[in-house]
Amino acid sequence: MKQFPGVFRATKKNGDVYYRSSVTFRSKHISLGSFSCPEAAHNAYNTASNLLHSEINYLPDNYKKGDLSFLKWVILTNFKNNGIYIKTPIYLQKNYFEYYLSQNDVLLFDADDLFYYSTHSIMRRGNHLFVADYGMQVNIASRYGIKNFAVQNRDYRFVNGNDHDFRYANIEILNSYHGVSRQPDSFPPVYITRIHVNGDHIVGRFESENEAAAAYNKAADLLQKAGISIQYTRNYLPGLSAAHYQKLYQQVCPEPRFLDYIHSLRSIDRKDE
């Protein structure tokens, strides 16, 4: 069989033959992937070799479909142009970097996040972006203070309107807690607490997010004492000591209408006994 530079024959556990391709550049041995035939592996090697030794500094956008994958193209262009080999599809820019999920799906991050994303591959499932971290799938939004319950443009927003731009200055957290939202155009600010049970119920209106968050927890406790079986996720207020939180919890008072609703639930429960 004809020998191709950069191509190595390999065998799977079941006996099937496949071909691996690799290239060496600046003393770095780089795998280009696995292929079903030696010709495809050799084509990938030629594309990579021509890219790395060309006098032209090609960019990710210069990719042309072939046997070398687009993500490998990104890795190689970054290595050649910026002098840093990164195993994930990252292209470095000044003070930030681009992470390519595909040719048309590009995320932007601050340079501070480079170490993390150079060792964690991002995966997309619909609108959710995940990395595998210690055997778990972790939503990357959590790195930027975006909670799992958060809704874009209600609880957080991208300042420049680009929902692929995860640079810290571009992410504004509007509501930090479950069931809490700031009343639009209110000054001084007013925070509304809502909780869902047979529809949304307004628990109350409060002057601070912490009060509103504690009120949500109190409402959840009252509902469960009244016989509601929903397992509400309680708000955690990291800036408060346990004593301060307990004092705040005791002070917040739900609106009379919500307390009347709690009373009605208890009345129904007594009738059923």
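Let me start with an open sheet of three strands, in which the order runs β7-β8-β9 and the pairing is antiparallel. The edge strands here are β7, residues 122-125, and β9, residues 136-139, each of which pairs on one side only. If we ignore direction, neighbouring strands of this sheet are turned by 40° against each other on average. I should say straight away that this is a predicted model, so that everything I describe is a feature of the prediction.

Staying with that sheet for a moment, β7 pairs with strand β8, residues 128-133, in the antiparallel sense, and the pairing runs over four bridges. To find this on your screen, look for arginine 124, which stands opposite leucine 129 in β8. As a reminder for anyone tracing the side chains, in a regular strand they alternate between the two faces of the sheet.

Between β8 and β9 there is a loop, and tyrosine 134 is found in it. Tyrosine 134 has a positive phi of about 55°, although it is not a glycine. That deserves a remark, because most residues other than glycine have a negative phi. Is tyrosine 134 buried or exposed? At 83% relative accessibility, against a cut-off of over 50%, tyrosine 134 counts as exposed.

There is a second residue of this kind, serine 27, which lies in the loop between β2, residues 17-25, and β3, residues 28-35. The phi of serine 27 is near 65°, again a positive value in a residue other than glycine, and serine 27 is exposed, with a relative accessible area of 77%.

Strand β8 also leads us to the largest pocket, which has a volume of about 430 Å³. This pocket is lined by 20 residues, and those that lie nearest its centre are Asn127, His128, Ala141, Gln152 and Tyr156. Which elements give two or more residues to the lining? They are β8 and β10, the latter being residues 156-158.

Let me turn to a pair of strands, β5, residues 96-102, and β6, which pair in the antiparallel sense over six bridges. A hairpin joins β5 to β6 through two residues, and serine 102 stands opposite aspartate 105 in β6. Strand β6, residues 105-110, is largely enclosed by the rest of the structure, because five of its six residues are buried.

Now to another open sheet, again of three strands, with the order β12-β13-β14 and antiparallel pairing. Its edge strands are β12, residues 180-182, and β14, residues 200-206, each pairing on one side only. Neighbouring strands of this sheet are turned by 30° against each other on average, with direction ignored. Helix α4 packs on the sheet, where it touches β12, β13 and β14, and the direction of α4 makes about 20° with that of β13.

Within the sheet, strand β13, residues 191-196, pairs with β14 in the antiparallel sense over six bridges, and histidine 196 stands opposite aspartate 200 in β14. In the loop between β12 and β13 we find proline 188, and the peptide bond that leads to proline 188 from phenylalanine 187 is cis, with omega near -5°. For context, most peptide bonds are trans.

What about the helix itself? Helix α4 covers residues 209-225, and at 1.5 Å a residue its 17 residues should span 24 Å, which agrees with its end C-alpha atoms being 24 Å apart. The buried residues of α4 include Ala212, Tyr216, Lys218, Ala219 and Leu223. When you look along a helix like this, bear in mind that an α-helix has 3.6 residues a turn, so residues three or four places apart point the same way. After α4 comes glycine 227, whose phi is positive, near 105°.

I will finish with threonine 233, which is found in the loop between α4 and α5, the latter being residues 242-251. Threonine 233 is partly exposed, with a relative accessible area of 46%. Which residues is threonine 233 in contact with, once its neighbours within four places in sequence are left aside? They are His178 and Tyr216, and Tyr216 is one of the buried residues of α4 that I listed a moment ago. To give a sense of distance, threonine 233 and isoleucine 56 are 177 residues apart in sequence and 55 Å apart in space, C-alpha to C-alpha.

Methods
Residues are numbered from 1 along each chain as its sequence is written. This is a predicted model: local features need pLDDT of at least 70, side-chain atom pairs count only at pLDDT 80 or more; totals for chains, interfaces and linings use all residues. Side-chain values use heavy atoms; hydrogens and water are left out. The expected span of a helix is 1.5 Å times one less than its number of residues. Buried means under 20% relative accessible area, exposed over 50%, partly exposed in between (1.4 Å probe, protein chains only). Two strands pair if DSSP finds at least two bridges between them. Axes are lines fitted to C-alpha atoms, for helices over the stretch in contact, and angles run from 0 to 180 degrees between N-to-C directions. Contact means heavy atoms within 4.5 Å. On a 1 Å grid over the protein atoms alone, a cavity is a set of points where a 1.4 Å probe fits but cannot get out, and a pocket is an open set with protein on both sides within 12 Å along at least five of seven lines; lining residues have an atom within 4 Å of a point. Grid points are joined across faces, edges and corners, and a volume is the space filled by probe spheres set on the points.
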